[in-house]
Amino acid sequence: MTETEPPPAERPGARDRAKVILGIDDSTEDLGLLNLILMGAGYSFVGASNPDDACNLVLRAPPRLILLDIQMPQANGFETCQRLRSMPEAQHIPIAFLTARKSRADVKRGLEVGGNDFIIKPFDRDKLLARVHHWTTRRV
Amino acid sequence: MPSAADFDETPLSDIEKALPRADFVTFLEEYLVSAAGYLARASACHAAGELAGVGEEAHQLISVAGSYGLQRASELARQLETACRAQDAARAAGLLRELTAAAQAGWAALRARFLDQA
């Protein structure tokens, strides 16, 4: 091992590949960047641009973590979170809101509807990966 | 000339290392086209007097610009969204001009750093 290589426990590997992250966002630019960042860190990523697609994906293959945009045209993130939490398949999946706004009211509402975390946009790669690592190593 | 305030290459440098060159170029070319669309739609909404529409496009640009390293444009987009929510048309007009200049400078710097290579 060279000095620049991370220790084995921190290297992305087969264990992390099994950790599927679902991103729900109407911005294709954000989904594209999330895909590259998370795949580059060894995770599997699937993106959905609307709540219907997201719920279908959860039914087919429940992810380890859901990253959920708040401001979307079809249904906002809070409504989508409530819908996901009503599904038995999603009740124990951590949900982190991705948002460009983090007002006190947003946080209160997010927690009320079953969200677990807030990640602020624009997202910083290292902070994003730290939150993803945190939530993919536990269930709620 | 674009300044460091317009564009921070760090977020994309990490991705550049992880992707084959052709895939990275395609990714950025597609990004530049779609990102410019938000600004164009914001300008169109402004010309039509639709402040809510300007605010929606500005909201998207907070992340579409900032997550790709255009921090100044991202901050201006945040201020523009706030001005639109407050129905402050005069402030929104000025911020849209500033945002347009900052985004175009940022995207030019992005192109120069990552795409205009031999």
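Angles under 35 degrees between helix axes count as roughly parallel, and this cut-off is what the first feature of this predicted model turns on. In chain A, helix H3 (residues 51-60) packs with helix H4 (residues 77-85) at an angle of about 25 degrees, while their axes lie 11 Å apart; H3(A) and H4(A) are therefore roughly parallel to each other. The crossing of H3(A) and H4(A) is, in addition, right-handed.

The residues that make this packing can be named on each side: H3(A) brings A:Pro51, A:Ala54, A:Cys55 and A:Val58, and these meet A:Thr80, A:Arg83 and A:Leu84 of H4(A). Sorted by character, the residues of the contact of H3(A) with H4(A) comprise five nonpolar ones, one polar and one charged.

From this packing within chain A, we can turn to the contact between the chains, to which chain B contributes 18 residues and chain A contributes 14 residues. On the side of chain B that touches chain A, at least two residues come from each of helix H1 (10-18), helix H2 (21-47) and helix H3 (51-66) of chain B, and H3(B) gives the most, with six residues. That side of chain B is made up of ten nonpolar, seven polar and one charged residue.

As for the confidence of the prediction, chain B has a mean pLDDT of 94, with 96% of its residues reaching 70 or more, and for the complex the predictor gives an ipTM of 0.87 together with a pTM of 0.87.

Technical notes:
Residues numbered from 1 in each chain as written. Chains lettered and ligands numbered in written order. Predicted model: local features only at pLDDT ≥ 70, side-chain atom pairs only at ≥ 80, totals over all residues. Axes fitted to C-alpha atoms, helices over the stretch in contact; angles between N-to-C directions. Helix = DSSP H or I, 4+ residues; strand = E, 2+ residues; numbered from the N terminus. Parallel < 35°, antiparallel > 145°, perpendicular 65-115°, else oblique. Left-handed = near helix turned anticlockwise from the far one by under 90°. Contact = placed C-beta atoms within 7 Å. Nonpolar A, V, L, I, M, F, W, Y, C, P; charged D, E, K, R; others polar. pLDDT = per-residue confidence, 0-100.
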